[in-house]
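Colleague: I'm new to this one. Could you walk me through the reasoning behind the labels you use?

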Amino acid sequence: MPKKMKKLAILAHGGTIDRLYTIMILATTASSLDMEIHVYFTFWGLLMLKKGAMEKAELPATYKPFEENMKRRLKEMKYPSPYEMLKMAKASGRLKIYACSPTMEMFSVRKEELIPEVDEIAGAASFLNIASEADITLFI
């Protein structure tokens with residue numbers, strides 16, 4: 001009998017570059033460990049699913065003085081952007097991206113504005129069903 005694939009569920013609440021990197025580092029790492037990954041983008045995180053938004057993500061005001069140096073170092077390290085990492089994890093076939101439907105309504109975001117990698121527009125109940133079966137659930 002084949003071994004059951006472990007499942008990681010991430011609630012992506014934040015839309016700053018540090019949170020996006022955290023989410024995508026965990027997603028790509030979980031993918032490399034043959035885990036199933038489900039990321040539910042809500043509130044400020046949802047706004048990062050709009051086309052072009054991830055590329056413009058910044059650090060929060062508290063850490064703004066470190067942003068230029070962080071971005072420079074990541075470039076020197078040839079580190080992929082959060083969006084590039086998302087595409088890498090999607091290519092594995094193990095990542096599913098969900099956009100929060102109530103947040104879309106609240107912020108007047110239309111489906112056509114979202115990146116093509118979004119798999120499903122879903123409410124909280126759908127994500128809770130996924131998270132209830134996950135081996136690991138994180139709030140970022």
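Modeller: Sure. A residue is called buried when its relative accessible area is under 20%, exposed when that is over 50%, and partly exposed in between. Keep in mind that this is a predicted model.

Colleague: Then why is Tyr-21 called buried?

Modeller: Its relative accessibility is 10%, and the cut-off is under 20%, so Tyr-21 counts as buried.

Colleague: And Tyr-79, what makes it partly exposed?

Modeller: Tyr-79 has a relative accessible area of 31%. The value falls between the limits of 20% and 50%, so Tyr-79 is partly exposed.

Colleague: How many aromatic pairs are there?

Modeller: The count comes to 3 aromatic pairs. One of them joins Tyr-21 and Tyr-79.

Colleague: Why is the pair of Tyr-21 and Tyr-79 called tilted?

Modeller: A pair of rings is described by the distance of the centres and the angle of the planes. Here the centres are 5.8 Å apart and the planes stand at 55°. Pairing needs centres within 6.5 Å, while stacked is under 30 degrees and edge-to-face over 60. The angle fits neither of those two labels, so the pair is tilted.

Colleague: What does this pair tie together?

Modeller: Tyr-21 is in helix 1 and Tyr-79 in the loop between helix 3 and helix 4, so the pair links parts 58 residues apart in sequence.

Colleague: What makes the pair of Tyr-40 and Phe-127 stacked?

Modeller: Their planes are at 20°, with 4.8 Å from centre to centre. Stacked asks for planes under 30 degrees apart, and this pair meets that. Tyr-40 sits in strand 2 and Phe-127 in helix 6, so parts 87 residues apart in sequence are tied together.

Colleague: Are those two rings' residues buried or exposed?

Modeller: Tyr-40 has a relative accessibility of 4%, so it counts as buried. Phe-127 is buried too, with 6%.

Colleague: How do you know that strand 1 and strand 2 pair?

Modeller: At least two bridges are needed, and these strands share 6, in the parallel sense. Ala-12, for instance, stands opposite Phe-41 in strand 2. Strand 2 also pairs with strand 3, again parallel, over 5 bridges; Ile-37 has Leu-95 as its bridge partner there.

Colleague: What do strand 1, helix 1 and strand 2 make?

Modeller: A right-handed β-α-β unit. As for strand 2, it is mostly covered, with 5 of its 6 residues buried.

Colleague: Which residues touch the most other members of the largest nonpolar core?

Modeller: That core has 35 residues, and Val-39, Phe-41, Leu-49, Met-54, Leu-86 and Ile-97 touch the most other members. Helix 1 gives the most to this core, 7 residues. Beyond its close sequence neighbours, up to four places away, Phe-41 touches residues including Ala-12, Leu-20, Met-24 and Ile-97. Apart from the largest core lies another, of 9 residues, among them Ala-9, Tyr-98, Phe-127 and Ala-134.

Colleague: Last one: why does Thr-16 count as buried?

Modeller: Its relative accessibility is 18%. The cut-off is under 20%, so Thr-16 counts as buried. Thr-16 lies in the loop between strand 1 and helix 1. Neighbours within four places aside, Thr-16 is in contact with Ala-57, Glu-58, Leu-59 and Pro-60.

Colleague: And what makes the link between Thr-16 and Asp-18 a polar contact?

Modeller: Their side chains are joined at 2.4 Å, and the limit for a polar contact is within 3.5 Å.

Notes. Residues are numbered from 1 along each chain as its sequence is written. This is a predicted model: local features need pLDDT of at least 70, side-chain atom pairs count only at pLDDT 80 or more; totals for chains, interfaces and linings use all residues. Side-chain values use heavy atoms; hydrogens and water are left out. Buried means under 20% relative accessible area, exposed over 50%, partly exposed in between (1.4 Å probe, protein chains only). Helices (H or I, at least four residues) and strands (E, at least two) are DSSP runs, numbered from the N terminus. A crossover is right-handed if, with the strands pointing away from the viewer, the path from the first strand over the helix to the second runs clockwise. A nonpolar core is a set of buried Ala, Val, Leu, Ile, Met, Phe, Trp, Tyr and Cys residues joined through side-chain atoms within 4.5 Å. Contact means heavy atoms within 4.5 Å. A polar contact is a pair of N or O atoms within 3.5 Å; within protein, one must be able to donate a hydrogen and the other to accept it, and residues adjacent in sequence count only if both atoms are side-chain atoms. Rings of Phe, Tyr and Trp (its six-membered ring) pair if their centres lie within 6.5 Å; planes under 30 degrees apart count as stacked, over 60 as edge-to-face and the rest as tilted.
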